[in-house]
Every structure is written in structure tokens, then in C-alpha cells.
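The following report describes the architecture and packing of a single protein model. Please consult the sequence and coordinates alongside the text.

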Amino acid sequence: MNNDHLDPRNSMNIPELADTTFAMDFLLRAKEGVRNTAVALTETASPNLRALLRKQLLQGIAMHQEITELMINKKWFHPYELNEQYQLDQLSAKNTIMVGNMKLFPGETNRKGMFDRTPD
């Protein structure tokens, strides 16, 4: 792979990579929501609020399960096959380093002369 981010060859599989990234981020946010709701539930004294938080906690757990199952079905996540998950993690790290090494911004960032008139 070359380092030209404008080369169409470098955009192959990007939609699926983006989907996996979004799904993993969603999974982590769902887990964080479950954890925060559980903490709030243990800190609450009001029976009405406890019932509301308990319901929200169960919904959060169900959402986490749905996201996990989606990722497993799409083969984006291998919680039971550590070797396969390790290979995916290595590929993700390699792609991250590759994107980090791309020259995404021009070296010259002087904007002088780009406007049709001088600023007031």
C-alpha cells in the first residue's frame, strides 16, 4: 500500500473497517452505560427511581447483547476464539499505524492569498 490517501486503491474495505470501528465503539459505550446505570442504582434511595433505573439497566444489558451478537455474526468480534481475536487486533493496530504514517495534510498551511479580499 502506498501512502497516498487520495489513491482509490487505499479506500478498499474502508466501509467495512468503519462499520467494525463504529460497532466496537457502540459496544463499549453500551457497556459503559450499563456500568454507570448499575452504580446509580446502588446509590439511589427512592423506590420510584430505583424501579426506573432497574428497567434502564435491563434495557442496556439487552442492547449490549444485541450489539455483541451482531458483531459475532459479522465476524467482527471473536470473544470465544482468542487467536482469531488477536489476529483482528493485530490487523487493527497495523491499519492504525499505516493511517498515522500517511501524509494527510499539506506541509504548507499558509492561507495567505486564498481570500478574495483582505480581512477588515
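## Methionine 71 and the nonpolar core

Beyond its neighbours up to four places away in sequence, methionine 71 touches Ala23, Met24, Leu27, Trp76 and Phe77. The model is predicted, and these contacts are computed from its atoms. Met71 is one of the buried residues of helix 2.

Met71 also belongs to the largest nonpolar core, which has 7 residues in all: Ala23, Leu27, Ala30, Ile67, Met71, Trp76 and Phe77. At least two residues of this core come from each of helix 1 and helix 2. Helix 1 provides the largest share, with 3 residues.

## Overall architecture

The protein contains 3 helices and 0 strands, and its elements follow the order α-α-α from the N terminus. Of its 120 residues, 18% count as buried. The exposed area of the protein is about 10,000 Å², of which carbon and sulfur atoms supply 58%.

When contacts between residues at least 6 apart in sequence are considered, 54% of them join residues at least 24 apart.

## Helix 1

Helix 1 comprises 30 residues and covers positions 14-43. From the first C-alpha to the last, helix 1 reaches 43 Å, close to the 44 Å expected at 1.5 Å a residue.

The buried residues of helix 1 are Thr20, Ala23, Leu27, Ala30, Val34, Thr37 and Leu41. An α-helix has 3.6 residues a turn, so residues three or four places apart point the same way. The cover over the buried residues of helix 1 includes helix 2.

## Helix 2

Helix 2 runs over residues 47-73 and has 27 residues, which should span 39 Å at 1.5 Å a residue; the C-alpha atoms at its ends are 39 Å apart, in agreement with that value. Its buried residues are Leu53, Leu57, Gly60, Ile67, Thr68 and Met71, and they pack against helix 1.

After helix 2 comes lysine 75, which has a positive phi, near 65°.

## Two buried threonines

Is threonine 37 buried or exposed? This residue, found in helix 1, is buried because its relative accessible area is 12%, below the 20% cut-off. Leaving aside neighbours within four places in sequence, threonine 37 is in contact with Leu53, Gln56 and Leu57. Of these partners, Leu53 and Leu57 are among the buried residues of helix 2.

Threonine 44 lies in the loop between helix 1 and helix 2. Its relative accessibility is 15%, so threonine 44 counts as buried. Not counting residues up to four places away in sequence, threonine 44 touches Leu49, Arg50 and Leu53. Leu53 is thus listed as a contact of threonine 37 and of threonine 44.

## A nonpolar surface patch

Which residues form a nonpolar patch on the surface? They are Val99, Leu104 and Phe105, which together have about 300 Å² of accessible area.

Valine 99 belongs to helix 3, which spans residues 82-101. With a relative accessibility of 41%, valine 99 counts as partly exposed, because this value falls between the 20% limit for buried residues and the 50% limit for exposed ones.

How values were computed. Residues numbered from 1 in each chain as written. Predicted model: local features only at pLDDT ≥ 70, side-chain atom pairs only at ≥ 80, totals over all residues. Heavy atoms only, no water. Patch = residues over 30% accessible without salt bridge, like charges linked within 9 Å, V, L, I, M, F, W, Y side chains within 5 Å. Areas by Shrake-Rupley, 256 points an atom, 1.4 Å probe, with all protein chains shown as cover. Salt bridge = Lys/Arg side-chain N within 4 Å of Asp/Glu carboxyl O. Helix = DSSP H or I, 4+ residues; strand = E, 2+ residues; numbered from the N terminus. Buried < 20%, exposed > 50% of the residue type's maximum accessible area, 1.4 Å probe, protein only. Expected span 1.5 Å × (residues − 1). Contact = heavy atoms within 4.5 Å. Core = buried A, V, L, I, M, F, W, Y, C linked by side-chain atoms within 4.5 Å.
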